[in-house]
Amino acid sequence: QLPLAILFQSATIEHLAALLRSDTDVDSWSHLVPMQTSGSQPPLFCVPGAGGNVIGFYGLARRLDVDRPIYGLQARGLDGESAPHTSVAEMAADYIAAMRTVQPEGPYYVCGYSFGSWVAFEITQQLQRQGQEVALLAILNTPTPMVMSDDPAYRTQPRSTAHDEITTILAVARSLERTFGVDLALTRDRLEPLSADEQITLLAEQLKQANILPAEAKTRHVRGFVNVFKTNYDITYVPEDWQPTRIVLFRASERLAEDDDVPLILRDDPAWGWNQFAAAPVDVHFVPGEHLTILTEPHVQTLVAELGRYLR
């Protein structure tokens with residue numbers, strides 16, 4: 001059992017082998033995943049999407065300014081044992097507690113991807129209520145959780161109707177298929193005759209056959225990932241007592257029909273509704289790739305270049 005941070009800190013076979021031979025206690029878990037710890041600049045804290053796993057930020061961490069520490073914030077429940085957070089506010093509070101162990105005071109730089117953008121926004125709100133400075137909130141390809149209606153009171157925009165277990169497993173499978181370029185051969189007809197445990201086992205087996213997971217991977221970790229994904233996807237977030245903050249939005253230049261859950265009222269708004277929460281008009285940048293690939297090579301290079309300008 002190794003913490004996820006090891007993949008960033010000891011990213012060679014030689015380093016991993018030396019760590020496993022040592023007597024160092026590495027069986028630890030934390031919300032905070034150090035992706036790059038060196039540098040004199042304030043850290044960048046990165047919040048992942050509904051899956052809650054920060055490994056998607058690996059390309060960004062490799063290419064961003066070496067003088068800036070980078071930390072990921074991973075979701076509770078990925079271990080397959082603890083229960084996932086059920087609200088954005090609770091999640092943000094726990095993440096802030098972890099952040100302040102390495103940076104007790106602002107200015108804070110926060111980046112959120114997909115569902116993690118809502119969490120990142122809530123983090124900035126709680127920090128500001130605590131009297132802390134937020135220098136930058138970077139939103140990666142995510143519309144605001146709320147839009148303005150005609151009256152003009154705010155109304156919530158639920159992401160979707162609640163996912164059942166099979167819908168969640170299929171959503172996870174489709175996402176991984178596009179990310180890794182594989183076919184997991186999972187359909188509703190194939191999953192429906194199975195029990196909940198058998199469905200997770202089948203997903204794990206297909207991930208191993210596709211070489212996405214090693215043969216020794218435990219089913220409970222797959223169950224943890226699915227549970228976190230489902231819980232996060234079903235959360236409705238309504239910001240309360242919000243204060244304006246500095247926001248920059250990075251939007252994917254490619255759009256896929258199955259990803260387009262942007263409310264109709266926001267379709268013609270380049271800022272996707274974030275101006276209502278911003279201290280100044282939101283800077284919007286279109287970057288190469290679609291929702292699942294803006295953080296992968298080669299597209300992440302453009303994202304890093306544009307994000308780096310704001311961090312500097």
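Cys111 is buried in this predicted model, with a relative accessible area of 0%. Cys46 likewise counts as buried, at 0% relative accessibility. What does a search of the whole structure find in the way of disulfides? The count is zero. For Cys46, the nearest cysteine sulfur is that of Cys111, 4.6 Å away, and Cys46 takes part in no disulfide. Seen from the other partner, Cys111 is in no disulfide either, and its nearest cysteine sulfur is that of Cys46. Since a disulfide calls for cysteine sulfur atoms within 2.5 Å, the 4.6 Å between these two sulfurs leaves the pair unbonded by that criterion.

The surroundings of Cys111 are worth a look. Cys111 is one of the residues of strand 4, a strand that spans residues 108–113. Is strand 4 enclosed or open? Six of its six residues are buried, so strand 4 is largely enclosed by the rest of the structure. In a regular strand, side chains alternate between the two faces of the sheet. Both faces are covered in strand 4. On one side lie Tyr108, Val110 and Gly112, and on the other Tyr109, Cys111 and Tyr113, all of them buried.

Strand 4 also has neighbours to pair with. Strand 2, residues 44–47, runs parallel to strand 4 and is joined to it by four bridges. Which residue of strand 4 is the bridge partner of Val47? That partner is Gly112, one of the buried residues listed above. Strand 5, residues 134–140, is parallel to strand 4 as well, and six bridges join the two. Here Tyr113 has Leu140 of strand 5 as its bridge partner. The route from strand 4 to strand 5 involves helix 5, residues 115–129, and these three elements make a right-handed β-α-β unit.

A wider view of the protein completes the picture. Ten helices and nine strands are present. Of the 312 residues in the protein, 50% are buried. Sequence-distant contacts are well represented: among contacts between residues at least 6 apart in sequence, 76% join residues at least 24 apart. The accessible surface comes to about 14400 Å², and carbon and sulfur atoms account for 51% of that surface.

Definitions and conventions. Residues numbered from 1 in each chain as written. Predicted model: local features only at pLDDT ≥ 70, side-chain atom pairs only at ≥ 80, totals over all residues. Heavy atoms only, no water. Buried < 20%, exposed > 50% of the residue type's maximum accessible area, 1.4 Å probe, protein only. Pairing = 2+ DSSP bridges. Right-handed = clockwise from strand over helix to strand, strands pointing away. Contact = heavy atoms within 4.5 Å. Areas by Shrake-Rupley, 256 points an atom, 1.4 Å probe, with all protein chains shown as cover.
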